[in-house]
Amino acid sequence: MSNIESYKVNCSCGKIEMSMEGAPRVRGFCHCEDCRELLNIPYHSVNAWENNKVTTLKGHEYIREYQHPNLNMKKFYCSECGDTICNSNAMDWRVFSQLLIAKYYNGNLPIELNSESHFFYDRRIIDVDDELPKHS
Ligand SMILES: [Zn+2]
Ligand SMILES: [Zn+2]
């Protein structure tokens, strides 16, 4: 890990800005069906922090929550630009797309946030041919 102590993310319109403190609990590609169902994506490139490590720096009034009717997951999105800024999982961690974080850093994800593995790979709908370990 580098000496970077916190990270930032914002939505496309810039109304919402959040910071995430310290090293993420997860950095990887999630192939589970819950991410697919919540976000309508083939797999999710994630950095996740515990909820108490995440602070809304601005735009609290623009944050909208969507509780999925069947999953123990929420989406947090911007009322102005519609960007999903993060989602929660069953452990109530805050799960951020690496792509959204990278936007904050001019398209370059901080290197220590890069994925170290694929997980729930047995549930995948897309094969990924890379060097990273694949966990079920
Ligand atoms: Zn926005
Ligand atoms: Zn998932």
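**A walk through a two-sheet protein model**

Let us start in the middle of things: strand β4 (residues 44–49) and strand β9 (residues 94–97) run antiparallel and are joined by four bridges. Within this pair, tryptophan 49 faces arginine 94 of β9. Strands here are DSSP runs of E with at least two residues, helices are runs of H or I with at least four, and both are numbered from the N terminus. Two strands count as paired if DSSP finds at least two bridges between them.

A word on what you are looking at: this is a predicted model, in which local features need pLDDT of at least 70 and side-chain atom pairs count only at pLDDT 80 or more, while totals for chains, interfaces and linings use all residues. Residues are numbered from 1 along each chain as its sequence is written, and chains are lettered from A and ligands numbered from 1 in the order in which they are written.

Stepping back, the protein has two helices and ten strands, arranged along the sequence as β-β-β-α-β-β-β-β-β-β-α-β. Its radius of gyration, 14 Å, is close to the 14 Å that the globule rule gives for 136 residues, so the protein is as compact as a globular protein of that length. That radius is taken over C-alpha atoms, and the rule is 2.2 Å times the number of residues to the power 0.38. The C-alpha atoms fill a box of roughly 40 × 40 × 25 Å along the principal axes.

Now back to β4 and β9. Both belong to an open sheet of seven strands with mixed pairing, in the order β6-β7-β8-β9-β4-β3-β10. At its edges stand β6 and β10 (117–119), each with a single partner strand, so one side of each has no neighbour in the sheet. The twist from one strand to the next averages 35°, with axes fitted to C-alpha atoms and angles running from 0 to 180 degrees between N-to-C directions.

Starting from the β6 edge, strand β6 (residues 63–67) pairs with strand β7 (residues 74–78) in the antiparallel sense over five bridges. These two strands form a hairpin with six residues between them, and glutamine 67 stands opposite lysine 74 in β7. Next, β7 pairs antiparallel with strand β8 (residues 84–88) over three bridges, where tyrosine 77 faces threonine 84. In this second hairpin, with five residues between the strands, glycine 82 takes a positive phi near 80°.

There is also an open, antiparallel sheet of three strands, ordered β1-β2-β5. Its edge strands are β1 (6–10) and β5 (54–58), each pairing on one side only. Five bridges link β1 to strand β2 (residues 17–21) in the antiparallel sense. Along this pair, lysine 8 stands opposite serine 19, and asparagine 10 has glutamate 17 as its bridge partner. The hairpin has six residues between its strands, with glycine 14 in the turn at a positive phi of about 85°.

What fills the interior? The largest nonpolar core has 28 residues, and those with the most contacts inside it include Val9, Met18, Ile85 and Val95. Such a core is a set of buried Ala, Val, Leu, Ile, Met, Phe, Trp, Tyr and Cys residues joined through C-beta atoms within 7 Å. Buried means that 20 or more other C-beta atoms lie within 10 Å of a residue's own, with C-beta atoms placed from the backbone. β1, β2, β3 (26–30), α1 (33–39), β4, β7, β8 and β9 each supply at least two of the core residues.

Notes. Buried ≥ 20, exposed ≤ 12 C-beta atoms within 10 Å, placed from the backbone.
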